[in-house]
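Student: I would like to learn how to read the features of a protein model. Could you take me through one, step by step?

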Amino acid sequence: MANLVIDIGNTLTKVAVFEQDDLLHAEQSPVTDAKTLLQLIEKYHISHAIISSVRNRTEEWRAAIEEKLDLKYFTRDMTAGIHNQYKSPETLGVDRLAAVMGAHKLYPGKCSLVIDAGTCITYDHVDADGNYLGGSISPGLNMRYKALNYYTGALPLVGADEKFDKTYGDDTRTAILSGVQNGVKYEVFGFIESYRAKEPELNILLSGGDSIFFDTLLKNSIFAPYVKNEPYLVLKGLNAAIRYNND
């Protein structure tokens, strides 16, 4: 039987269907609805579902799918194999924990640094024994561009440019591109170097909406051999959680 996995983030809702560990279907949109989910339930004969949400509201479609299958919300008590040592586990984002669980499931016995690049950039590390000590949160790419525009009187709103590869800008637009994109690059390189100083064979796993941008950023760096783009990492972590709790 298949599992329905739903990850509700700050910007997008990702929906996936798994059979065992095989990904059968994945989609994302700003919101989802009962009709879409019920069609998936019928098509794939889904028996269980799990939801992870960073939003503090009840989904309008929840009651409709609860009538069709066993529905669980991902909680911090569903992380089999992960030894969570975060000092305030009640405030730890469930999406971060699901990504760590996905990393440990996909790469057992390996140390991994998960870089989830979305609305925020989060850096979360899990060691070979499944110990999670904590991580870091910083503004995401678009948040940095919007902040420069919002908190100043003259700076324009600029969008990310994957082709920008200069060390500095020679007009206002390129100066902003340099500050934001080179700033992110130096931040990412700094975190990776810091973790790799202790664990040279560290896995570097990229996830989130801006993961392609970060993959491009890192593919020509000395870290390229260790970088893996895992766009479905949170969804795979949630699937591991529902399997641990139902199999």
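Tutor: We go from the whole chain to its domains, then to the pockets, and last to a few single residues. Keep in mind throughout that this is a predicted model.

Student: Let us start with the whole chain. How many helices and strands are there in the protein chain?

Tutor: The protein chain has seven helices and 11 strands. The radius of gyration is 19 Å, close to the 18 Å that the globule rule gives for 247 residues, so the chain is as compact as a globular protein of that length. Its C-alpha trace spans about 60 × 40 × 30 Å along the principal axes.

Student: What percentage of the residues in the protein chain is buried?

Tutor: A residue is called buried when its relative accessible area is under 20%. Of the 247 residues in the protein chain, 46% are buried. Contacts add to that picture: among those between residues at least 6 apart in sequence, 54% join residues at least 24 apart.

Student: Into which domains is the protein chain divided?

Tutor: Domain 1 covers residues 1-73, and domain 2 covers 79-246. Two values help in reading such a pair: the separation of the centres and the contacts across the boundary. Taken over C-alpha atoms, the centres of domain 1 and domain 2 are 24 Å apart. As for contacts, 21 residues of domain 1 touch 16 residues of domain 2, with contact meaning heavy atoms within 4.5 Å.

Student: Now the pockets. Where does the largest pocket lie with respect to domain 1 and domain 2?

Tutor: To place a pocket, look at which parts of the chain line it. Both domain 1 and domain 2 give residues to the lining of the largest pocket, so this pocket lies between them. Its volume is about 710 Å³.

Student: Which residues lie nearest the centre of the largest pocket?

Tutor: They are Asn 10, Thr 11, Gly 118, Thr 119 and Cys 120, out of 27 lining residues. The elements that give two or more residues to this lining are strand 1 (2-8), helix 3 (94-106), strand 7 (112-117), strand 8 (120-126) and helix 4 (141-150). Helix 4 has the largest share, with four residues. By class, the lining of the largest pocket holds nine nonpolar, 11 polar and seven charged residues.

Student: And what is the volume of the second largest pocket?

Tutor: The second largest pocket has a volume of about 300 Å³. It is lined by 13 residues, and Glu 162, Phe 164, Asp 165, Lys 185 and Leu 217 are the closest to its centre. Helix 5 (172-196) and helix 6 (211-219) each supply at least two lining residues, and helix 6 gives the most, with four. The lining of the second largest pocket divides into three nonpolar, five polar and five charged residues.

Student: Let us turn to single residues. Is Ser 47 buried or exposed?

Tutor: Ser 47 has a relative accessibility of 19%, so this residue counts as buried. Ser 47 is part of strand 4 (residues 46-53). Apart from neighbours within four places in sequence, Ser 47 contacts Met 1, Ala 2, Leu 69 and Asp 70.

Student: Where is Lys 68 found?

Tutor: Lys 68 sits in the loop between helix 2 (62-66) and strand 5 (70-73). Its relative accessibility is 55%, so Lys 68 counts as exposed. With neighbours within four places in sequence left aside, Lys 68 is in contact with Leu 38 and Ile 41. For a sense of distance, take Cys 120 from the largest pocket: 52 residues separate Lys 68 and Cys 120 along the chain, and their C-alpha atoms are 34 Å apart.

Student: How should I read a backbone angle such as phi?

Tutor: Look at the sign. Most residues other than glycine have a negative phi. Here Gln 20, which is not a glycine, has a positive phi near 55°. Gln 20 lies in the loop between strand 2 (13-19) and strand 3 (22-29), and is partly exposed, with a relative accessible area of 44%. His 45 also has a positive phi, about 55°, without being a glycine.

Student: In which loop is His 45 found?

Tutor: His 45 is in the loop between helix 1 (34-44) and strand 4. At 56% relative accessibility, His 45 counts as exposed.

Notes:
Residues are numbered from 1 along each chain as its sequence is written. This is a predicted model: local features need pLDDT of at least 70, side-chain atom pairs count only at pLDDT 80 or more; totals for chains, interfaces and linings use all residues. Side-chain values use heavy atoms; hydrogens and water are left out. On a 1 Å grid over the protein atoms alone, a cavity is a set of points where a 1.4 Å probe fits but cannot get out, and a pocket is an open set with protein on both sides within 12 Å along at least five of seven lines; lining residues have an atom within 4 Å of a point. Grid points are joined across faces, edges and corners, and a volume is the space filled by probe spheres set on the points. Ala, Val, Leu, Ile, Met, Phe, Trp, Tyr, Cys and Pro count as nonpolar, Asp, Glu, Lys and Arg as charged, and the others, Gly among them, as polar. Domain bounds come from an automatic or database domain assignment. The radius of gyration is taken over C-alpha atoms; the globule rule is 2.2 Å times the number of residues to the power 0.38. Buried means under 20% relative accessible area, exposed over 50%, partly exposed in between (1.4 Å probe, protein chains only).
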